[in-house]
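Reader: I'm new to this one, so could you take me slowly through a single part of it? I'd like to see how the sheets in the smaller picture fit together, and then how that part sits beside the rest.

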Amino acid sequence: MNPVWHAAWAAVRRRKLQTIVIGVVVCAASATLVMALGLLEASAAPFDRAFATQQGAHLAVAFDPEKVSEADLTRAAGHAEASAGPFLQATVDTSTGDVFLGTLTVAGRADPGGPVDRVSVWQGRWATSPGEIVLNRTPGAVGRMDVGFRISLPGRPALTVVGFAHSVTGSADAWVTPEQATALQPTALQMLYRFAHAGTAAEVDAGQAAVTAGLPADAVLGTLSHLTVKDKATSELGVFIPFLMIFGVLGLVVAVLIVANVVSGAVVAGLRHIGMLKAIGFTPNQVMAVYLVMVSIPAVTGCALGTVAGNLVGKRIVQDAVEGFGVDELSFAPWVNVVAALGMPVLVASAALVPALRARRLPAARAISAGTTSRTGRALRIQRWLSGTRLPRPVSLGLGMPFARTGRSALTLASVVLGVMTVTLAAGVTMSMTAYNNAVRPTDTDRVELLAGPPLGAPVMTQPGVEPPAAKLSDAQDESMLRSLPGTTAVLATTQLNTEVAGGTQEARIVFHRGDTAALGPRVLTGHWPDGPGQVVVPSRFLNQRGLSVGDTITVQARGNRTQVKIVGVVLTNNADQIFADWSTVDVLAPGARASSYLVRMAPGTDRAAYTAAVSSGDPGLRVLPPRDGTSSTAVIIISAALVLTLVLGAVAALGVFNTVVLNARERRRDLGMLKSIGMTPRQVTVLLVTSMGALGVVGGLIGVPIGVAVHRLVVAAMAHAGQSDAIDILLDVYHASALALLALTGIVIAVLGALVPARGAARLSIATVLHNE
Amino acid sequence: MQNGDAVVEMTNVRKEYSDSIALDGLSLTVRAGEAVAVMGPSGSGKSTLLNMIAGLDRPTSGSVVVHGSDLGVLDETGLALFRRRGIGMIFQFFNLLDDLSALDNVALAAQLTGTASGQARKRALELFGELGITHRKNVYPAQLSGGERQRVAVARALMNRPALLLADEPTGALDSRSGEQVMDLLLDLNQIGQTLLLVTHDERLATRCATRLIEVVDGRIAREHSMERA
Ligand SMILES: Nc1ncnc2c1ncn2[C@@H]1O[C@H](COP(=O)(O)OP(=O)(O)O)[C@@H](O)[C@H]1O
Ligand SMILES: [Mg+2]
């Protein structure tokens with residue numbers, strides 16, 4: 001065998017622990033790298049990806065079955081690149097059911113596949129016989145219903161949920177078999193089209209013109225362009241992309257740092273050995289080769305294993321994180337694996353090369369005496385100062401240790417800082433998200449929603465035999481009845497009106513509030529709640545999408561009335577197309593309208609059943625809605641993904657600390673043996689080594705938390721920007737002093753967890769062995 | 001402790017390593033006030049013998065009793081506490097901490113027992129005075145000569161006034177002049193009552209300062225003589 005191989009192989013075998021550490025670290029780093037790159041790639045354009053996989057519809061059109069025949073539709077669809085349908089489409093109002101699902105658009109489809117809108121069934125199965133229904137739900141999302149749930153609505157056939165599927169284009173809220181659709185009294189025929197060119201609104205319009213040419217003009221009941229869907233998806237879910245991206249970047253940096261630390265440390269730790277090799281006649285190049293080969297053996301193995309592990313485990317994690325975007329079957333692009341499989345060995349080689357080049361130049365005599373030479377002045381001054389303090393000796397010795405190897409300590413510190421930063425950021429985003437969620441959709445179990453009748457100009461789809469809600473009392477009587485019930489603490493009366501905002505392309509809805517708006521209305525962020533006619537407050541997204549600002553006046557038009565309203569404030573809501581006005585404005589746009597619903601807040605401890613019974617006896621025409629589910633499933637998915645990613649990055653950071661302690665303990669084993677020989681207990685040795693890293697943990701915490709807070713501000717701002725709204729205080733200022741202190745402690749946790757095992761190992765090492773081998 | 005009381009009692013001590021037998025049923029008694037010199041070829045088990053007495057390693061079989069306590073029943077922490085108070089050790093290669101000054105290296109031994117650093121330094125300074133190295137107290141090991149380093153190591157070993165001083169080839173890394181000075185130092189210590197067990201290769205030095213000389217070959221005591229010191 002060639003002497004380089006021989007010496008390298010011998011070194012690998014003699015330093016089993018170091019070899020294992022390099023292997024494990026490179027393995028973990030490769031897996032993290034694959035995951036980070038995969039995350040970056042997957043979060044780059046999740047909607048487009050999902051749309052491409054599903055062959056999403058560029059345009060969905062609902063036709064009036066009275067005006068066109070199925071044959072006409074099929075014929076006209078020949079002008080599209082691909083089409084699916086016609087599918088029978090029915091509208092089902094679930095407000096009379098046990099669970100409020102809103103108004104469901106149900107399509108009759110025999111098959112989830114096809115040339116357009118290949119709906120993916122991610123749980124359960126497709127509906128194959130009457131009485132079965134499949135709900136459109138984002139993969140991974142959890143709701144109150146599961147497979148097997150029965151949706152029974154008075155006067156309707158009962159439907160059993162047999163599966164959950166997802167359509168990126170949102171072609172329907174639920175699917176049943178075509179026969180079942182017929183029984184649901186369909187009101188429309190759904191057609192789905194793909195066009196050769198559909199990148200712009202004009203192209204989609206041209207496509208629509210082509211597929212409706214020759215059909216009666218009034219046959220089109222409604223259309224949905226993929227551009228609208230994408231807009232909505234990217235402003236709602238796209239909010240999370242900056243967050244996922246930053247995790248990808250953090251993973252990348254942590255992986256690079258830790259490998260640099262471990263590999264260069266291995267070479268530095270071998271300086272004595274290098275001197276020996278030179279002394280017996282190895283040329284400088286051979287010495288360098290020995291070291292490169294020595295670290296390459298475990299590094300290449302670790303890289304191979306890590307890349308595989310990253311594809312297996314990392315993919316699961318990324319999949320969970322991006323599932324909310326409708327990416328069902330994630331596969332990492334080939335470049336991800338190529339970069340990881342080739343990039344990692346290159347990284348290892350360059351991390352080894354720097355100290356190996358130094359080793360190559362080092363005179364043999366200096367190399368042999370390495371480790372016993374005098375240390376730098378600063379390290380000595382610090383240790384002297386520490387010696388004079390009142391700290392227990394193992395602690396002061398430990399505190400001085402990082403200064404003896406500043407390069408290594410700096411790299412270790414950097415990985416702790418990144419770990420702390422990740423935790424801080426993840427905690428912050430979680431808190432921001434919770435704050436947002438609480439603000440826009442209160443879960444409050446103390447609220448009761450009551451329907452008094454249909455909102456203005458929007459007839460509720462009713463079925464024969466089911467009474468629509470119709471209040472028996474007048475609006476004023478209802479309100480005072482509710483206020484007089486025991487347990488009522490606040491009442492908000494609401495009605496709404498669809499309007500056109502002049503200059504805007506999309507419709508908006510004006511919501512009128514009366515009563516306890518401060519307690520039950522949306523939160524006012526800037527400006528003030530309308531206090532007279534002609535004033536509205538809007539969500540910031542409404543302003544940003546239309547280029548408006550507070551103080552501007554807009555013209556709204558509804559039911560033939562047209563009026564000017566002034567924007568007097570910004571409110572926090574989830575819906576960009578809602579504007580809010582005071583009741584006084586109702587009289588301008590819809591004189592004499594009554595409240596269509598009431599929202600009541602009950603005093604703590606009020607019995608819901610008894611209260612709703614009292615409401616019903618007060619006005620039997622009011623319908624009590626079942627309580628709403630307040631949690632956002634997307635938020636849950638993102639928060640749990642953040643948790644997993646944080647744990648992974650925290651563990652990798654701790655691994656960096658682990659490695660540093662292994663190297664330090666190895667270099668200092670003679671010192672440690674001596675300390676034990678003069679009576680240092682194993683526990684004191686452990687304290688010494690753990691303290692040396694604990695110090696880095698404290699500093700890492702102090703540096704990492706502010707950086708994490710700063711990055712959080714950037715990420716939240718980017719998230720708000722992606723959501724076309726403004727970053728507001730309740731989302732930005734989420735860190736309280738106690739939370740910050742706790743987060744700073746994570747630095748110590750990472751350091752101590754990483755240090756404990758090797759420190760205890762070093763403390764238990766037999767002194768006789770150490771002294772014998774020196 | 002009275003002169004003549006047994007400080008060390010080793011009975012039938014056997015120590016095997018994976019590929020060698022370091023001690024092969026060795027028995028030895030050291031009494032208070034003695035200065036025992038251990039000689040023998042390299043690899044014969046001398047260092048192992050010292051390690052057994054210091055509790056740095058455990059015998060495969062046999063018992064080691066030092067100052068009346070059976071080391072076999074102590075756990076690692078117990079052994080460490082025992083060493084702090086009962087044993088001072090000096091090594092061939094000094095084993096000083098490179099990043100502590102000479103004075104701090106010595107004070108360290110007392111600080112481990114919980115002595116305040118001011119008091120520890122005071123005691124260390126006294127020892128520096130006695131050993132004639134006061135002027136080197138703020139110097140780091142790398143700048144000290146071999147002889148000076150070994151004096152610092154001796155001072156450290158004496159810090160906690162141990163009843164037993166163990167020295168493993170304390171002059172092995174020194175030139176003959178410094179070696180002699182260190183030996184003189186140990187002799188002086190013994191003359192004021194310090195019990196001493198030292199391993200050395202130098203027969204001349206051994207005969208000069210030991211009250212008893214034992215020779216270890218293949219892990220057993222091959223020869224033993226008591227003597228009058230020159
Ligand atoms: N920690 C150890 N591990 C393995 N073998 C050892 C160890 N310590 C000593 N030995 C072996 O035990 C024998 C005696 O060693 P030692 O006591 O160091 O001899 P001496 O000090 O007389 O030169 C030798 O063969 C040595 O290789
Ligand atoms: Mg020896």
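Author: Let's start with strand β1 of chain B, residues 6–17, which is joined to β2(B) by nine bridges, the two running antiparallel. To pin that pairing to actual residues, look for Glu9(B): its bridge partner in β2(B) is Thr29(B). Keep in mind as you look around that this is a predicted model.

Now widen the view a little. These strands belong to an open sheet of four, in the order β2-β1-β4-β5 (chain B), with antiparallel pairing. At its edges you'll find β2 (20–31) and β5 (69–70) of chain B, each of which pairs on one side only. Helix α1 of chain B, residues 46–54, packs on this sheet and touches β1, β2 and β4 (61–66) of chain B. The direction of α1(B) makes about 120° with that of β1(B).

Follow α1(B) and you meet another set of strands: the helix also lies across β3, β6, β7 (164–168) and β8 of chain B. Here α1(B) runs at about 155° to β7(B). Helix α5 of chain B, residues 146–158, packs on the sheet too, touching β6 and β7 of chain B, and its direction makes about 170° with that of β6(B).

So how is this other sheet laid out? It is an open sheet of six strands, ordered β6-β7-β8-β3-β9-β10 (chain B), and its pairing is mixed. The edge strands are β6 (87–90) and β10 (220–226) of chain B, and each pairs on one side only. From one strand to the next, the twist averages 15°.

Zoom in on β8(B), because five of its five residues are buried, so this strand is largely enclosed by the rest of the structure. On one flank, five bridges join β7(B) to β8(B), and the two run parallel. One residue pair to look for there is Ala167(B) with its bridge partner in β8(B), Leu198(B). Strand β3 of chain B, residues 35–39, is also parallel to β8 (residues 195–199) of chain B, and four bridges join them. In that pairing, Val38(B) stands opposite Val199(B) in β8(B).

The faces of this strand are worth a look as well. In a regular strand the side chains alternate between the two faces of the sheet. In β8(B), Thr195(B), Leu197(B) and Val199(B) are on one side and Leu196(B) and Leu198(B) on the other; all are buried, and both faces are covered.

Step back and take in chain B as a whole. It has seven helices and 10 strands, and 55% of its 230 residues count as buried. The C-alpha trace spans about 45 × 40 × 40 Å along its principal axes. A compact globule with 230 residues would have a radius of gyration near 17 Å, and chain B agrees with that at 17 Å. Among the contacts in chain B between residues at least 6 apart in sequence, 68% join residues at least 24 apart. One residue to click on is Cys209(B), which counts as buried because its relative accessibility is 2%, under the 20% limit.

What about chain A? It contains 26 helices and 20 strands, and buried residues make up 53% of its 774 residues. Of the contacts in chain A with a separation of 6 or more, 81% are between residues 24 or more positions apart. An unreviewed UniProt entry places the feature "transmembrane region" at several stretches of chain A, including residues 332–357 and 411–436. In the model, residues 332–357 of chain A are 92% helix and 0% strand, with the end C-alpha atoms 37 Å apart. Residues 411–436 of chain A are 100% helix and 0% strand, and their end C-alpha atoms lie 37 Å apart.

For a loop in chain A, try Asp516(A), found between β13 (507–515) and α17 (517–520) of chain A. At 25% relative accessibility, Asp516(A) counts as partly exposed. Leaving aside residues up to four places away in sequence, Asp516(A) touches Arg483(A), Thr489(A), Ala490(A), Val491(A), Leu492(A) and Gly521(A). Asp516(A) and Ile258(A), by C-alpha atoms, are 57 Å apart in space and 258 residues apart in sequence.

Finally, the cysteines: a search of the whole structure finds zero disulfides over all chains. Cys303(A) is in none, and the nearest cysteine sulfur to it, that of Cys27(A), is 9.0 Å away. Cys303(A) has 4% relative accessibility and so counts as buried.

Note on methods
Residues are numbered from 1 along each chain as its sequence is written. Chains are lettered from A and ligands numbered from 1 in the order in which they are written. This is a predicted model: local features need pLDDT of at least 70, side-chain atom pairs count only at pLDDT 80 or more; totals for chains, interfaces and linings use all residues. Side-chain values use heavy atoms; hydrogens and water are left out. UniProt positions are given in the numbering used here, feature names are shortened, and annotations may be inferred rather than shown by experiment. Two strands pair if DSSP finds at least two bridges between them. Contact means heavy atoms within 4.5 Å. Axes are lines fitted to C-alpha atoms, for helices over the stretch in contact, and angles run from 0 to 180 degrees between N-to-C directions. A disulfide is a pair of cysteine sulfur atoms within 2.5 Å. Buried means under 20% relative accessible area, exposed over 50%, partly exposed in between (1.4 Å probe, protein chains only). The radius of gyration is taken over C-alpha atoms; the globule rule is 2.2 Å times the number of residues to the power 0.38.
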